[in-house]
Structures are given as C-alpha cells and as structure tokens.
Amino acid sequence: MHYQAVYQKIDYKRYQFLRQQSGLSPKTDEAARLGMENSLCCVAILDEDNDNEIVGMGRIVGDGACHCQVVDICVLPEHQKKGLGKLIMQKLDEYMNSNLPDSCYVSLIADGPAFQLYAQYGFKEVWPASRGMGRKF
C-alpha cells in the first residue's frame, strides 16, 4: 500500500467517521464542523491505492503562539500497524518546528502505549511537576 501525509483540511463528516471508526469518542455535527474550521494544522493520510481516500489524521489546535495541543491522532483499523501514526507525527512535528515560536508550549494526552510514539518527538511526561486534567461537556 502507498500512503502520503499532507497538510489538508478535513471535511467534518470524514473527521467524525475517522474518530468513531478508530475508537475515539463521537463529536456532534456542530462541534466537528467548528473544530475543523478552527484547526491550526490538519494532517491527512491519503491512501494512494484507493483514490486518495483519507484513512488517518492528526491535528494541532491552539493559538499558534503560546499554547497548542496535538489532538485527534487516528487511523482506520484496517490501516493500523503500518507506521501511519508515525507519519502523522512527522508531518505535525515539521509544522511545529517551522511555525511555532520557541516559547510555545505544546501538550497532548497519550492513551495507552501511544506515549512511546510521542516520546520520539520530544514529548515527556509532566507528572509529578504538573497534572493533566480535563473536563467534558
């Protein structure tokens, strides 16, 4: 199979599909549409063998200067275990290195063993100095 990682806005319906099929929580139409419109950076994984179908994605959200967060790293199950998470992170890392100021704080939440992937791009655990927290509506 042949894949390509590109900077590309993703249709909100495709975003919802990718999240749900990859085991992430669902998002409403309104949230998905606004989220896609307000993304700082979107990376899409295109399946070149299947009419450039988007089979994975990742995003950076935030103000682009002081605080940003890596979110929505997901790949459709049938395309997992092929290095596509790493391909997404390489493209996001390229964006961060080229576009964010040196003092920008970039955070993420790692589920399960995904922390091993993120560590390859300089992310470190912040505990016990800091404690990650969340609030879901």
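Here are a few short exercises, with worked solutions, on the predicted model above.

**Exercise 1. Work out the order of the strands in the sheet, and find its edges.**

Let's start with the overall layout. Five strands make up an open sheet, lined up as β1-β2-β3-β4-β5 with mixed pairing. The edges are β1 and β5 (105-107), since each pairs on one side only. On average, neighbouring strands are turned by 20 degrees against each other, ignoring direction.

**Exercise 2. Find how β3 is joined to β2 and to β4, and how β4 is joined to β5.**

Take one pair at a time. β2 and β3 run antiparallel, with seven bridges joining them. Their hairpin has five residues between the strands, and Asp51 there takes a positive phi near 55 degrees. Next, β3 and β4 are also antiparallel, joined by six bridges. This hairpin has four residues between the strands, with Gly64 at a positive phi near 75 degrees. Last come β4 and β5: they run parallel and share three bridges. Here His67 has Tyr105 of β5 as its bridge partner.

**Exercise 3. Place Ile60 in its surroundings, going from strand to core.**

Begin with the strand partners. Ile60 of β3 has Cys41 opposite it, and Ile60 also stands opposite Val70 in β4. Now widen the view: beyond its neighbours within four places in sequence, Ile60 touches residues including Leu40, Leu92, Tyr95 and Met96. Its strand, β3, is mostly covered, with seven of ten residues buried. Finally, look at the core: the largest nonpolar one has 37 residues, and Ile60 is among those with the most contacts inside it, along with Val70, Met89, Leu92, Met96, Val106 and Phe123. Elements that supply at least two core residues each include β3 (53-62), β4 (67-75) and α3 (84-99). The largest share, six residues, comes from α3. As a general note, nonpolar side chains tend to be buried together in soluble globular proteins.

**Exercise 4. Decide whether α1 and α2 are roughly parallel or roughly perpendicular.**

First get the geometry: the two axes come within 9 Å and cross at roughly 110 degrees. Angles of 65 to 115 degrees count as roughly perpendicular, so that is the verdict for α1 and α2. Their crossing is right-handed. Who makes the contact? On the α1 side it's Tyr12, Lys13, Tyr15 and Gln16; on the α2 side, Asp29, Ala32, Arg33 and Met36.

Definitions and conventions
Residues are numbered from 1 along each chain as its sequence is written. This is a predicted model: local features need pLDDT of at least 70, side-chain atom pairs count only at pLDDT 80 or more; totals for chains, interfaces and linings use all residues. Side-chain values use heavy atoms; hydrogens and water are left out. A nonpolar core is a set of buried Ala, Val, Leu, Ile, Met, Phe, Trp, Tyr and Cys residues joined through side-chain atoms within 4.5 Å. Buried means under 20% relative accessible area, exposed over 50%, partly exposed in between (1.4 Å probe, protein chains only). Contact means heavy atoms within 4.5 Å. Two strands pair if DSSP finds at least two bridges between them. Axes are lines fitted to C-alpha atoms, for helices over the stretch in contact, and angles run from 0 to 180 degrees between N-to-C directions. Angles under 35 degrees count as roughly parallel, over 145 as roughly antiparallel, 65 to 115 as roughly perpendicular and the rest as oblique. A crossing is left-handed if the near helix is turned anticlockwise from the far one by less than a right angle, and right-handed if clockwise.
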